[in-house]
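Reader: I've got a structure open and I'd like to learn how to read it. Can you walk me through it?

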Amino acid sequence: MMNKQDQFIIYFIRPVGMAGPIKIGISENPGKRLSEFKGWSPLELELFGAIKGNWDDEQFLHGCLAEDHSHGEWFHPSEQVQRAIEQVIAA
């Protein structure tokens, strides 16, 4: 079970060659998660960014981007979402 304070990797996944939708998730092994999602998706997916963080960090990011929420942990690739992800990765 995930402890909210444990350090994991917050990852960003999207379809290859497309701006989105974008999945913002958390895992100990983002590469493994990508492989799992590839099995479920009709589109080829790519991991395009990852940062260290915990569950609270991921939930904070989801909350900040709630206006562009699509479903589950997926977000529309709005300018705000793309800019926020670029800034978080660069930091």
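Reader: In which sense do E2 and E5 pair, and over how many bridges?

Author: Here's the general idea: strands of a sheet pair through backbone hydrogen bonds, either parallel or antiparallel. In this predicted model, E2 and E5 go the antiparallel way, over two bridges. Look for Lys23, which sits opposite Trp74 in E5.

Reader: What is the order of the strands in the open sheet?

Author: Five strands make up the open sheet, and the order is E3-E1-E2-E5-E4, with antiparallel pairing. At the edges you'll find strand E3 (45-53) and strand E4 (69-71); each has a single partner strand, so one side of each has no neighbour in the sheet.

Reader: Okay, on to helices. Which residues of helix H2 are buried?

Author: First, the general bit: an α-helix has 3.6 residues a turn, so residues three or four places apart point the same way. Now the case here: in helix H2 (residues 55-64), the buried ones are Glu58, Leu61 and His62. Viewed down the axis of H2, they fall within an arc of 100°, so they line one face of the helix.

Reader: What do those buried residues of H2 pack against?

Author: They pack against strands E1 (8-15), E2 (22-27) and E5 (74-75), plus helix H3 (79-90). H2 itself lies across E1, E2, E3 and E5, and runs at about 165° to E2. H3 packs on the sheet too, touching E1, E2, E3 and E5, with its direction at about 50° to that of E3.

Reader: And what happens at the start of H2?

Author: There, a side-chain oxygen of Asn54 comes to within 3.0 Å of the backbone nitrogen of Asp56.

How values were computed. Residues numbered from 1 in each chain as written. Predicted model: local features only at pLDDT ≥ 70, side-chain atom pairs only at ≥ 80, totals over all residues. Heavy atoms only, no water. Buried < 20%, exposed > 50% of the residue type's maximum accessible area, 1.4 Å probe, protein only. Helix = DSSP H or I, 4+ residues; strand = E, 2+ residues; numbered from the N terminus. Arc of directions from axis to C-beta. Contact = heavy atoms within 4.5 Å. Polar contact = N/O pair within 3.5 Å; in protein donor to acceptor, adjacent residues only side chain to side chain. Pairing = 2+ DSSP bridges. Axes fitted to C-alpha atoms, helices over the stretch in contact; angles between N-to-C directions.
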